[in-house]
Amino acid sequence: VGLRWEDVHFAGRALTVTQQVVQLGWATEVGEPKTDTGARTVSLDDDTLRVLRRCKETQEAEARAWGAAWTDSGLVFTREDGSGLHPASVTDLFQAVSARAGLPPIRLHDLRHTAAGLALQAGVPMKVVSEQLGHRSLAITADTYTSVLPAVAQAVAEAVAGIVPRTRPVAAALGGGERSGLPAGAAADEPSAAALAVRWQSVGSLALRMTQGAHPVR
């Protein structure tokens with residue numbers, strides 16, 4: 001609710017977090033992020049940019065309709081008269097929308113955890129996620145999302161395994177069907193000892209090239 005239009009950079013496809021609205025009882029006040037790392041730049045995807053552009057168009061139409069009564073707060077998300085939103089109102093609206101959508105009840109703040117968890121499972125480096133969240137250290141991110149790390153590790157394992165060729169005939173790789181003991185044209189993904197030997201030979205060769213600083217040959 002503290003985001004300003006001047007902090008949204010459409011050309012740069014990002015927004016900058018420079019202030020926040022804090023609720024004290026029912027009263028609110030605007031202040032800086034609670035930590036130095038809280039002030040940060042967050043990259044935006046195409047869908048989010050489209051939503052923000054529609055918000056701007058809607059707000060400009062509302063400003064014309066209200067005329068002199070319009071409150072030019074400079075905020076991205078406002079009431080129809082341009083005044084800022086109260087954090088509690090946003091929370092209540094979120095809970096109502098979630099209930100209508102049939103989603104399990106979560107806090108609005110939990111969307112932050114959802115975004116971080118999805119980013120990690122999508123393969124975004126932990127360092128990048130930590131910076132987007134504004135954490136003071138990488139250890140905080142790792143401790144917070146420990147439950148997500150096994151899935152991340154599995155994705156890494158699959159990605160590494162994907163480097164190894166799996167469609168080359170084993171017989172051809174070993175020099176022909178007679179020498180390999182396999183019928184000509186046997187597929188490399190067959191769970192045979194010879195196929196596994198070829199795979200591990202490829203992995204060993206790749207590891208050797210990587211440690212020597214050479215580019216791996218696929």
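Two strands pair if DSSP finds at least two bridges between them. With that in hand, here are some close-ups of this predicted model.

**View 1. Strands E1, E2 and E5 make an open three-stranded sheet.** The order is E1-E2-E5, and the pairing is antiparallel. E1 and E5 sit at the edges with a single partner strand each, so one side of each has no neighbour in the sheet. Zoom in on E1 and E2 and you'll find two bridges joining these antiparallel strands. Which residue of E2 does Val8 stand opposite? It's Leu15.

**View 2. Arg13 has a positive phi in the loop linking E1 (8–9) to E2 (14–16).** Most residues other than glycine have a negative phi. Arg13 goes the other way, with phi near 55 degrees. Is Arg13 buried, exposed or partly exposed? At 38% relative accessibility, Arg13 counts as partly exposed.

**View 3. Nine residues build the largest nonpolar core.** In soluble globular proteins, nonpolar side chains tend to be buried together. The members here are Leu3, Trp5, Val8, Leu15, Val42, Leu44, Leu49, Leu52 and Val76. So Val8 and Leu15, the facing pair from the E1–E2 view, both belong to this core, because each is a buried nonpolar residue joined to the set through side-chain atoms within 4.5 Å. Pick out Val42 and look past residues up to four places away in sequence: Val42 touches Ala14, Leu15, Val17 and Gln132. There's also a second, separate core of seven residues, with Ala116, Leu120, Val129 and Tyr145 among them.

**View 4. Lys56 on helix H1 touches two aromatic residues from far back in the sequence.** Those residues are Trp5 and Phe10, once residues up to four places away are set aside. Trp5 is also a member of the largest nonpolar core. Lys56 itself counts as partly exposed, at 29% relative accessibility. How far apart are Lys56 and Phe77 in space? The C-alpha to C-alpha distance is 9.0 Å, for two residues that are 21 apart in sequence.

**View 5. E3 and E4 fold into a hairpin with two residues between them.** E3 covers residues 20–24 and E4 covers residues 27–31; the two run antiparallel and are joined by five bridges. Leu24 stands opposite Ala27 in E4. In the turn, Gly25 has a positive phi of about 70 degrees.

**View 6. His86 is tucked into the loop between H1 (46–66) and H2 (87–100).** Why does His86 count as buried? Because its relative accessible area is 12%, and buried means under 20%. The His86 side chain reaches the backbone nitrogen of Ala88 at 3.0 Å. Leave out neighbours within four places in sequence, and His86 is in contact with Gln23, Trp26, Thr28 and Arg79. Two of these, Gln23 and Thr28, bring in the hairpin, as E3 spans 20–24 and E4 spans 27–31.

**View 7. Arg40 is buried yet has no salt bridge.** You'll find Arg40 in the loop between E4 and E5 (41–43). Which side chain of opposite charge is nearest to Arg40? That's Glu131, 9.5 Å away. Even so, Glu131 is on the contact list for Arg40. Neighbours within four places aside, that list reads Leu15, Thr16, Val17, Arg112, Glu131, Gln132, Leu133 and Gly134.

Note on methods. Residues are numbered from 1 along each chain as its sequence is written. This is a predicted model: local features need pLDDT of at least 70, side-chain atom pairs count only at pLDDT 80 or more; totals for chains, interfaces and linings use all residues. Side-chain values use heavy atoms; hydrogens and water are left out. Buried means under 20% relative accessible area, exposed over 50%, partly exposed in between (1.4 Å probe, protein chains only). Contact means heavy atoms within 4.5 Å. Helices (H or I, at least four residues) and strands (E, at least two) are DSSP runs, numbered from the N terminus. A polar contact is a pair of N or O atoms within 3.5 Å; within protein, one must be able to donate a hydrogen and the other to accept it, and residues adjacent in sequence count only if both atoms are side-chain atoms. Lys and Arg count as positive and Asp and Glu as negative; His and the chain ends are not counted. A salt bridge is a side-chain nitrogen of Lys or Arg within 4 Å of a carboxyl oxygen of Asp or Glu.
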